[in-house]
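Me: I'm new to reading protein models and I'd like a close look at just one part. Could you walk me through it slowly?

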Amino acid sequence: MKTLVVIPTYNERENIAALVPDVFAATPNVEVLVVDDNSPDGTGDVVRSLQNHFPHVHLLSRKGKEGLGKAYIAGFKWGLEKGYEAIVQMDADFSHRPEDLKALVSALPEYDFVMGSRWVSGGETVNWGLGRKFISRGGSFYARQILRFPVRDWTGGFNGWKAETLRKIGLDSVRSEGYSFQIELKYRALKLGLHGKEVPIIFEDRIVGQSKMSSRIVIEALYRVWGLRGGVS
Ligand SMILES: Nc1nc2c(ncn2[C@@H]2O[C@H](COP(=O)(O)OP(=O)(O)OP(=O)(O)O)[C@@H](O)[C@H]2O)c(=O)[nH]1
Ligand SMILES: [Mg+2]
């Protein structure tokens with residue numbers, strides 16, 4: 001399948017310079033789209049210079065920081081317009097390991113979507129304290145109780161989608177921004193009766209660059225799941 005890996009970036013110049021070569025080393029046949037929100041650190045310029053060595057790297061430059069959800073929607077739409085058959089979403093900060101891309105990409109043809117998962121057998125988090133594990137597993141437990149599909153890792157953002165699946169979901173109807181963006185896409189697909197598979201991944205904490213996580217994003221996720229279950233869109 002003609003596959004696009006969409007990587008949203010905000011101030012990730014060091015990470016993106018190292019990640020792009022690793023992605024092509026792991027999966028030589030994919031193309032990459034970096035969706036950058038005009039990062040002040042010049043991430044966009046780094047991507048432009050990468051394009052000299054890697055012709056299959058594309059850059060979608062947006063005007064300003066609008067959040068992860070909007071960046072992904074813009075990247076997915078770009079990929080659908082260009083006719084890619086599969087789209088994978090991946091963070092720039094090496095939390096999602098390029099080594100795990102291959103497993104996601106090769107599982108996808110059999111399913112409508114695949115979910116990189118920390119909480120299935122073979123999945124793992126590296127260097128996470130008990131508190132962090134509790135919050136992540138607790139968040140997925142909470143979503144599972146409310147949304148009633150047996151997904152172990154609802155908030156993970158390392159997922160692969162057949163183009164057809166994204167078309168059926170209807171990207172214009174997706175409202176969520178942060179963690180709940182991942183929950184919302186999975187839930188909408190499952191509600192449509194589509195088949196998803198959790199594939200084990202090893203999740204590592206970022207080493208370089210700053211987190212954009214905030215309590216606002218967590219709070220959004222806590223109330224959004226109720227809206228999703230209620231069919232509010
Ligand atoms: N284009 C764009 N990318 C973003 C935005 N916010 C976050 N990102 C990117 O989305 C990915 C995930 O963001 P992180 O800051 O790592 O968030 P996180 O993984 O929830 O938090 P950490 O646990 O600290 O890594 C990274 O590649 C970020 O650069 C945004 O507003 N616009
Ligand atoms: Mg991260």
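Let's take the strand β3: which residue in β3 does Leu33 stand opposite?

Reply: Leu33 stands opposite His58 in β3. Before we go on, keep in mind that this is a predicted model.

Now let's build up the surroundings of that pair. β2 and β3 run parallel, and five bridges join them. As a bit of background, strands in a sheet pair through backbone hydrogen bonds, and they can do that in a parallel or an antiparallel way. To get from β2 to β3 you go by way of α2, and β2, α2 and β3 make a right-handed β-α-β unit.

Zoom out a little and you'll find β3 in an open sheet of seven strands, ordered β3-β2-β1-β4-β7-β5-β8, with mixed pairing. β3 (57-61) stands at one edge and β8 (196-200) at the other; each has a single partner strand, so one side of each is left without a neighbour in the sheet. On average, neighbouring strands in this sheet are turned by 20° against each other, if you ignore direction.

You might guess that an edge strand is left bare, so let's check. β3 is mostly covered, with four of its five residues buried. Here, buried means under 20% relative accessible area.

What touches β3, then? Two helices are worth a look. Helix α1 (residues 13-26) packs on the sheet and touches β1 (3-9), β2 (31-36) and β3, and its direction makes about 160° with that of β2. Helix α2 (residues 43-53) packs on the sheet as well, touching β1, β2 and β3. The direction of α2 makes about 155° with that of β3.

For a contrast with the parallel pair, hop along to β5 and β7. Strand β5 (residues 113-117) pairs with strand β7 (residues 159-162) in the antiparallel sense, over three bridges. There, Val114 stands opposite Gly160 in β7.

One last stop is ligand 1, which has 20 residues around it; Glu12, Asp37, Asp93, Ser211 and Lys212 are the closest. Asp37 has a polar side-chain atom 2.7 Å from a nitrogen atom of ligand 1. As for oxygen, one such atom of ligand 1 is 2.8 Å from a polar backbone atom of Pro8. An N or O atom in the side chain of Lys65 also lies 2.8 Å from an oxygen atom of ligand 1.

So, back to your strand: β3 sits at an edge of the sheet, is joined to β2 by five bridges and is mostly covered.

Notes:
Residues are numbered from 1 along each chain as its sequence is written. Chains are lettered from A and ligands numbered from 1 in the order in which they are written. This is a predicted model: local features need pLDDT of at least 70, side-chain atom pairs count only at pLDDT 80 or more; totals for chains, interfaces and linings use all residues. Side-chain values use heavy atoms; hydrogens and water are left out. Two strands pair if DSSP finds at least two bridges between them. Helices (H or I, at least four residues) and strands (E, at least two) are DSSP runs, numbered from the N terminus. Axes are lines fitted to C-alpha atoms, for helices over the stretch in contact, and angles run from 0 to 180 degrees between N-to-C directions. Contact means heavy atoms within 4.5 Å. Buried means under 20% relative accessible area, exposed over 50%, partly exposed in between (1.4 Å probe, protein chains only). A crossover is right-handed if, with the strands pointing away from the viewer, the path from the first strand over the helix to the second runs clockwise. A residue is near a molecule or strand if one of its heavy atoms lies within 4 Å of it. A polar contact is a pair of N or O atoms within 3.5 Å; within protein, one must be able to donate a hydrogen and the other to accept it, and residues adjacent in sequence count only if both atoms are side-chain atoms.
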